[in-house]
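Dear colleague,

I am handing over the structure below, together with a short account of what was found in it. Please have the coordinates open while you read.

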Amino acid sequence: MNLEQQAEELKRRNRLAEEGGGAKRRERQHKEVKMSARERIEFLLDEGTFEETDKLVTHRCTDFGMQDQKYFGDGFVTGYGRIEGRLVFCFAQDFTVFGGSLSEANAAKICKIMDLAMKVGAPVIGLNDSGGARIQEGVMSLAGYADIFLRNTLSSGVIPQISAIMGPCAGGAVYSPAMTDFIFMVEGTSYMFITGPDVIRTVTGEEVEFEALGGAMSHNSKSGVAHFASDDEDQCIEDTRYLLSFLPQNNLETAPRVLPSDDPLRMDDDLDRVVPDAPNKPYDMRDVVRYVVDDGEFFEVQEHFAQNIICGYARLNGYSIGVVGNQPRALAGVLDIDASAKAARFVRTCDAFNIPLLTLVDVPGFLPGTDQEWGGIIRHGAKLLYAFTEATVPKITVITRKAYGGAYDVMASKHMLADFNFAWPSAEIAVMGPEGAVNIIHRRDIAQSPTPEERRTKLIDDYKARFANPFTAAERGYIDDVIVPHETRPKVIAALETLLTKRQPGPKRKHGNIPL
């Protein structure tokens, strides 16, 4: 075969690889409002930057007639490219080839780019659309999953890992996304579950549909498995690109700073009116975030799950930060099992990738009840306590209103090694609310009083005068400064820029034992 013939053969193989499962199957994919694997990668990466790897790989299975059914690339598209000029590695499963099933060969393709991403320190993005393990390959397919799981584990906290679920993701296939840092799902077309509706019906007799069992909103609002729900694939991929703008390339770098367009000295008087005068009246902590951060932009993580706490990314004077805040609009901002686990995971992700933390506190305590106690609120609440204490990134805390009981300690208090702790004049820092405290401390006094209600009111007023303000804590140095709300933005920016060179070595140990 001469050089011209070799070139023609290469073109033929490349063309077949790019065709995937063929035009009819791609058309079926489009009818289901789904892009093809290559279209997804083209949309994800900067134009013209994709470099494909292992394009001509084929499977090695010779059983069940598989030797006569070979596709170049074996149903997975792998490689690397750029997002906003920054290097990323990526793979996309092609559902038009054997339902995007995982084989020994295409698993090796993923492992290869994950190994390379670790070597050079760049994020990995997986676009998942797969029916699961390739049954014809048996244990070799399962071994392929295990090889990927290993690399997910080794990469954890070293390089950002993002999973976009663009179609079905079932059985063992769900565990690789579950070990990545963020999971995106698309409403109406993506699913995640260990066992599908048919198996559940057979084993338990329970009737459940795909969407209710493992759809985007089920995992965003109920299980907390997913972090983002997108209306369509375009939004999913655009949000993936946006998320990366807040993250560094790896754990040895910091997130890129964006040239700020918002004045770092801006003070918004509207912030003075966010917290209502009535102590039990709700308000939206997102309003506080938007008044403080650059241009009011807040990219919320797990928006639909555990809504009594908010987590997300923003910028202060161009620097990427992670924001955690109690949400008075949901359960009065109380901490419960789900909120504790959600925030703990977010805090640890930020700490792993050198992203400073801004914590906004308005917490009346932990949610009481047998469901919470039997469900392990002690263990789950300890996760958040552990995560904040363990974090060595710059930590800035602002108490906007209530900070009661152990929840005050947990929410990045000075005692948990926060670097700067501020409070608004409306802050109340105490073991519990005035009414509850007085009823416990002065129970006999009130009962013996000839005018018990007047006595109770007097004692409550005395308790408020002593504790329903931030000054006692400030006198002891637990609060670094009491600030007027509209001063918050310049104050936290000054604190953040002071902490940019923070170094806090931890004790020598293999790793801590977080209460999982």
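What follows goes from the chain as a whole to one pair of packed helices.

Please bear in mind throughout that this is a predicted model. The protein chain has 516 residues, of which 52% count as buried, and its secondary structure comprises 20 helices and 17 strands. Along its principal axes the C-alpha trace spans about 105 × 55 × 45 Å, while the accessible surface of the chain comes to about 23900 Å², with 54% of that area belonging to carbon and sulfur atoms. If one takes the contacts in the chain with a separation of 6 or more, 73% of them are between residues 24 or more positions apart.

The helix pair that I looked at in detail is formed by α3, residues 37-44, and α10, residues 233-244, which pack at an angle of about 40 degrees with their axes 9 Å apart. Because of that angle, α3 is oblique to α10, and the crossing of the two helices is right-handed.

As for the residues involved, α3 contributes Arg-40, Phe-43 and Leu-44, and these meet Glu-233, Asp-234, Ile-237, Glu-238, Thr-240 and Arg-241 in α10. Sorted by character, the residues of this contact divide into five charged, three nonpolar and one polar. Arg-40 in α3 and Arg-241 in α10 are both among the residues of the contact, as are Phe-43 in α3 and Ile-237 in α10.

With best regards

Definitions and conventions. Residues are numbered from 1 along each chain as its sequence is written. This is a predicted model: local features need pLDDT of at least 70, side-chain atom pairs count only at pLDDT 80 or more; totals for chains, interfaces and linings use all residues. Side-chain values use heavy atoms; hydrogens and water are left out. Axes are lines fitted to C-alpha atoms, for helices over the stretch in contact, and angles run from 0 to 180 degrees between N-to-C directions. Helices (H or I, at least four residues) and strands (E, at least two) are DSSP runs, numbered from the N terminus. Angles under 35 degrees count as roughly parallel, over 145 as roughly antiparallel, 65 to 115 as roughly perpendicular and the rest as oblique. A crossing is left-handed if the near helix is turned anticlockwise from the far one by less than a right angle, and right-handed if clockwise. Contact means heavy atoms within 4.5 Å. Ala, Val, Leu, Ile, Met, Phe, Trp, Tyr, Cys and Pro count as nonpolar, Asp, Glu, Lys and Arg as charged, and the others, Gly among them, as polar. Buried means under 20% relative accessible area, exposed over 50%, partly exposed in between (1.4 Å probe, protein chains only). Accessible areas come from the Shrake-Rupley method with a 1.4 Å probe; for residues, only the protein chains shown count as cover.
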